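Me: I would like to understand how the labels given to parts of a model follow from the values behind them. Could we go through some of them one at a time?

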Amino acid sequence: MVERFKDQNTWVVRYQGTIYALSTTCTHLGCTPNWLEREEKFKCPCHGSGFKITGVNFEGPAPRPLERWAINIGEDGQIVVDKSRKFQKELGQWDNPDSFIKV
Ligand code: FES
């Protein structure tokens, strides 16, 4: 979990063989959740929604998972996050190879 880009509305996560970039916008009413390391979850301070490290919602009023940004490896080998494109799990878009990097 990389929190360094949180002020740019992005968490970069490496989890179970993939790297993906999550939007930090809660899908309930748009507050910014906090990453709780010990509980391995994102917790929204506004109305208590919880999201797993995958971004999937599992408690509270959030109706759907966090969104992913497009992500790829640039020519210089650095990870590039493209916030002009987003991917929503409930629309089946997390299967799109532009929404994650295999490691
Ligand atoms: S805005 Fe996050 S739970 Fe309401």
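Me: Why is I73 called partly exposed in this predicted model?
Reply: I73 has a relative accessibility of 46%, and because buried means under 20% and exposed means over 50%, with partly exposed in between, I73 counts as partly exposed. The residue lies in strand β7, which covers residues 68–73.

Me: What makes the nonpolar surface patch that includes I73?
Reply: The patch is made by I73, I79 and V81, and its area is about 220 Å². A residue needs over 30% relative accessible area to belong to a patch, and I73, at 46%, meets that condition.

Me: How do you know that β7 and β8 pair?
Reply: Two strands pair if at least two bridges are found between them, and β7 and β8 (residues 79–87) are joined over 6 bridges in the antiparallel sense. Within this pairing, N72 stands opposite V80 in β8, while in the hairpin of the two strands, which has 5 residues between them, G77 takes a positive phi near 85°.

Me: Why is T24 called buried?
Reply: T24 has a relative accessible area of 4%, and because buried means under 20%, T24 is buried. T24 is found in the loop between β2 (18–23) and β3 (34–36).

Me: What makes the link between the side chains of T24 and N9 a polar contact?
Reply: The distance given for the two side chains is 2.5 Å, and a polar contact requires a suitable pair of N or O atoms within 3.5 Å, a limit that the value of 2.5 Å satisfies.

How values were computed: Residues are numbered from 1 along each chain as its sequence is written. This is a predicted model: local features need pLDDT of at least 70, side-chain atom pairs count only at pLDDT 80 or more; totals for chains, interfaces and linings use all residues. Side-chain values use heavy atoms; hydrogens and water are left out. Helices (H or I, at least four residues) and strands (E, at least two) are DSSP runs, numbered from the N terminus. Buried means under 20% relative accessible area, exposed over 50%, partly exposed in between (1.4 Å probe, protein chains only). A polar contact is a pair of N or O atoms within 3.5 Å; within protein, one must be able to donate a hydrogen and the other to accept it, and residues adjacent in sequence count only if both atoms are side-chain atoms. Patches are made of residues with over 30% relative accessible area and no salt bridge: like charges are joined within 9 Å, nonpolar side chains (Val, Leu, Ile, Met, Phe, Trp, Tyr) within 5 Å. Accessible areas come from the Shrake-Rupley method with a 1.4 Å probe; for residues, only the protein chains shown count as cover. A salt bridge is a side-chain nitrogen of Lys or Arg within 4 Å of a carboxyl oxygen of Asp or Glu.
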